[in-house]
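Biologist: Mind walking me through this one? I'd like to go over it piece by piece.

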Amino acid sequence: MGNGKEREPEKEKLNPSGWPQTPSSQQFNVIRRVYHQDVLNKDADYHLPDKPLSYTAKKAVQSCGFGDCLLNSLPIIKWLPAYKPKTDLIGDLVAGATTAVMHIPQGMAYALLAQVPPIIGLYMAFFPVLVYVVFGTSPHVSMGTFAVACLMAGKVVNEHAAHELPINGTDIAEATLQMTSQYSNVQVLSTLTFAVGIIQVMMWVLRLGAVSTLLSEPLVSGFTTAASLHVLASQVKDLFGIRLPKLGSNYKVVFTVIEVFKNMSNLNWAALIISFITCLVISLNNEVLKPWVSKRSRIPVPIELMAIVIGTLVSKFVDLKTNYGLSLVGTIPTGLPVPEVPPMQLLPDIALDAFTITMVTYTISMSMSLIFAAKEKYEVDANQELLALGASNMFGAFFTCAPMCASLSRSYIQYQAGGKTGITSMVSGALILCVLLWVGPFFELLPRCVLASIIAVSLKGMFMQVAELAKFWRLSKLDALVWLATFLTTVLIDIDIGLGAGLLAAVGALFVRSQRPYTCLLGRVLDTDLYLDIKRYRAAEELPGVKIFHYCGGLNFASKNLFRETLFRKIGYLKGTDEDNLTNKSESYEWDSTLGRKINCVIIDATALSYVDAPGIKSLLSAQQELVSSHITVLLAGANGPVLEMIEKYNSLESEQLQVETFPTVHDAVVYYKMLEIKKEPTITIAT
């Protein structure tokens, strides 16, 4: 690879600590030839990576052997035999019991958001969670009900069900039998859950685990913050004990606020007082008592469970329904539900809603999984999580469950309580089973305003995400605009429209960023081979007659005109008053036809050129021809292998080829140009 050698100091100097000095304090002289790109390719034995179909098929078969597929698809086979009872069992038992205690009030409360009986929330804490233990790769997340997912499911139920399920005093099976011509709430919900599971399994087959990256952090933050307002609006009627008319799907938050003010004279003071006391006690526990207890015990105070127990006892002895007209939870059946096949003919009607819920639940669940994986130093398989969620939802659909999602609050409690493995979820499921078999009817007299209060207080964490807007604004104005667009559209219009608007805003932000790549002119730093931005480094000086243009980003059909215009403005071919204003059109600049007298060479630094397509190469060719016509030499430096290969493919297919000399580094191009200038200088003979 050329004639190169290194010269190092004879004796390496040590700093006071005894270690060698940093590289910046040492000097290395590297001597090698000036390389053209094609010469370097020959010396370094460059070749295209060749992977024939047979090789690819062989690797696929080897990586997907039965044993590997079984181990990868069933993670429980890996971790269960290696389980360590001495170190993990106590933590799993404590965390499982703690999580089960939280599952009961949250499951019953969030089931109301999905427009189904509270018992459905307990089913979700048992059936799909046990399936996730078998297929999931994150032992620290608490799967089950989640406010936003249940609210989105409830919207679909309202749109496609015959009418609202009579939750008070009506059994699930009895209510289903009463509707022979149309779908019940439970049927719509189970079909929706099954559709979500199918989509997730299909995404697993297609290895689309990375699709969650489509939902950026500002989008998810703005969406969940706005969705929490929808959740709160849906509970206002129970918090105040008033009856509201059925509202349309769009502008629901706005209309709810209007209707609440209209019906303030009809509010139930008993419900309002109970709601206020419940919210106050839970809030004081969360803000004062919980931090104090957490320093002394891993087990938090089960304040939500205490609230529903006390609320049930008060309702029983005071007879709140008869004396004060409070709405109660109603009949809670004992035992396990009989599996029932969802009505598959409803699938086409809810497919779009199912895809929306799939994206939201998968993104939130993966985000929580990655947080704990980073803390505990283990890997979470994004594709395997799709299979785990899909299998759990498809199984839960036969038991009238709603789409499953990781809960932020329960997951943190489970982690803090010492949960280590999937045994935590097994313990939690066993305790939930006891509630389903024997304890469920105890909560039939529970006032619904208590469940609404639990939901309202649990939303505090999502409301606090409003503070993230300031962080996004400081980091990037575009991210802040994505947050605002998602939040305002979701709050003012509806959840699914808000998510769509957020996706459009996120894609638009990406497009805007692609239209504003980092470009600059480079100058040489002292007598080195370093070339830096002349506006950021004062020691970087431009070489006489040479302009070195640095372009960072992709050169494609969307950015080709921007590249050409920016190149001409930076080198002075277009004269304008504000060179950095990328929004100005080329018509506002004046062409400088005398540029060839000032500049002899333009070097395009392509070290940060990530991608180029055919229109991009054509734009590069057009710019080269324009400069060559003004007697300016154009050189290309630092282009990576794929970019050079694309240029070669383009030249083999097009009649008008890009013929430009290429170099591995900017310094090679500069030295080469200087050598050309030396050869052009006339020889002067002095006669004596």
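**Helix pairs, buried spots and odd backbone angles**

Modeller: Sure, and let's begin with a helix pair: α16 and α17 are oblique to each other. Keep in mind that this is a predicted model.

Biologist: At what angle do the axes of α16 and α17 cross?
Modeller: The axes of α16 and helix α17 (residues 382-397) come within 11 Å. An angle counts as oblique if it falls outside the parallel, antiparallel and perpendicular ranges, the last of which runs from 65 to 115 degrees. The crossing angle here is roughly 125°.

Biologist: Which hand does the crossing of α16 and α17 have, and which residues of α17 make the contact?
Modeller: The crossing is right-handed. From α16, the contact uses Y362, S365, M366 and S369. Across from them, α17 brings in A382, N383, E385, L386 and L389.

Biologist: Where is the kink in helix α16 centred?
Modeller: Helix α16 covers residues 347-376 and has a kink of about 35°. Just after α16 comes K377, with a positive phi of about 60°. As for the kink, its centre is D353.

Biologist: M368 is in helix α16 too; is M368 buried or exposed?
Modeller: Leaving aside neighbours within four places in sequence, M368 is in contact with V141, A406, S407, L408, S411 and Y412. Its relative accessibility is 4%. The cut-off for buried is under 20%, so M368 counts as buried.

Biologist: How many Å separate M368 and V141 in space, C-alpha to C-alpha?
Modeller: In sequence, M368 and V141 are 227 residues apart. V141 is also among the contacts of M368. C-alpha to C-alpha, the two are apart by 6.8 Å.

Biologist: What share of the chain's contacts with a separation of 6 or more comes from residues 24 or more positions apart?
Modeller: The chain has 688 residues, and its secondary structure comes to 29 helices and 14 strands. Among contacts with a separation of 6 or more, the share from residues 24 or more positions apart is 79%.

Biologist: What percentage of the chain's residues count as buried, and what share of the exposed area do carbon and sulfur atoms supply?
Modeller: Of the 688 residues, 48% count as buried. The chain exposes about 35100 Å². Carbon and sulfur atoms supply 62% of that area.

Biologist: How are α11 and α22 oriented relative to each other?
Modeller: The axes of helix α11 (residues 217-240) and helix α22 (residues 468-475) come within 11 Å and cross at roughly 155°. The cut-off for roughly antiparallel is over 145 degrees. That makes the pair roughly antiparallel.

Biologist: Which residues of α22 make the contact with α11?
Modeller: α11 passes α22 in a left-handed crossing. The α11 side of the contact is E217, P218 and S221. On the α22 side are E468, K471 and F472.

Biologist: Why is helix α20 described as largely enclosed by the rest of the structure, and what covers its buried residues?
Modeller: Helix α20 spans residues 448-458, and it is largely enclosed because 10 of its 11 residues are buried. Those buried residues include R448, C449 and V450. Their cover includes α5 (85-113), α11, α13 (269-294), α14 (303-318) and α21 (460-463).

Biologist: How far apart in space are L328 and P447, C-alpha to C-alpha?
Modeller: L328 is in the loop between α15 (320-324) and α16. At 10% relative accessibility, L328 counts as buried. In sequence L328 and P447 are 119 residues apart, but in space the C-alpha to C-alpha distance is 4.4 Å.

Biologist: Is E259 buried or exposed?
Modeller: E259 is in helix α12 (residues 252-262). Apart from neighbours within four places in sequence, it is in contact with L244, P245 and L247. Its relative accessible area is 16%, against a cut-off of under 20%, so E259 is buried.

Biologist: D45 has a positive phi although it is not a glycine; what is its relative accessible area?
Modeller: Phi of D45 is about 55°. D45 is in the loop between α1 (37-43) and α2 (53-63). It is exposed, with a relative accessible area of 59%.

Biologist: And how does D319 count in terms of accessibility?
Modeller: D319 is in the loop between α14 and α15. Its phi is near 60°, a positive value in a residue other than glycine. At 34% relative accessibility, D319 counts as partly exposed.

Note on methods:
Residues are numbered from 1 along each chain as its sequence is written. This is a predicted model: local features need pLDDT of at least 70, side-chain atom pairs count only at pLDDT 80 or more; totals for chains, interfaces and linings use all residues. Side-chain values use heavy atoms; hydrogens and water are left out. Helices (H or I, at least four residues) and strands (E, at least two) are DSSP runs, numbered from the N terminus. Buried means under 20% relative accessible area, exposed over 50%, partly exposed in between (1.4 Å probe, protein chains only). Contact means heavy atoms within 4.5 Å. Accessible areas come from the Shrake-Rupley method with a 1.4 Å probe; for residues, only the protein chains shown count as cover. The bend at a residue is the angle between axes fitted to the seven residues ending there and the seven starting there. Axes are lines fitted to C-alpha atoms, for helices over the stretch in contact, and angles run from 0 to 180 degrees between N-to-C directions. Angles under 35 degrees count as roughly parallel, over 145 as roughly antiparallel, 65 to 115 as roughly perpendicular and the rest as oblique. A crossing is left-handed if the near helix is turned anticlockwise from the far one by less than a right angle, and right-handed if clockwise.
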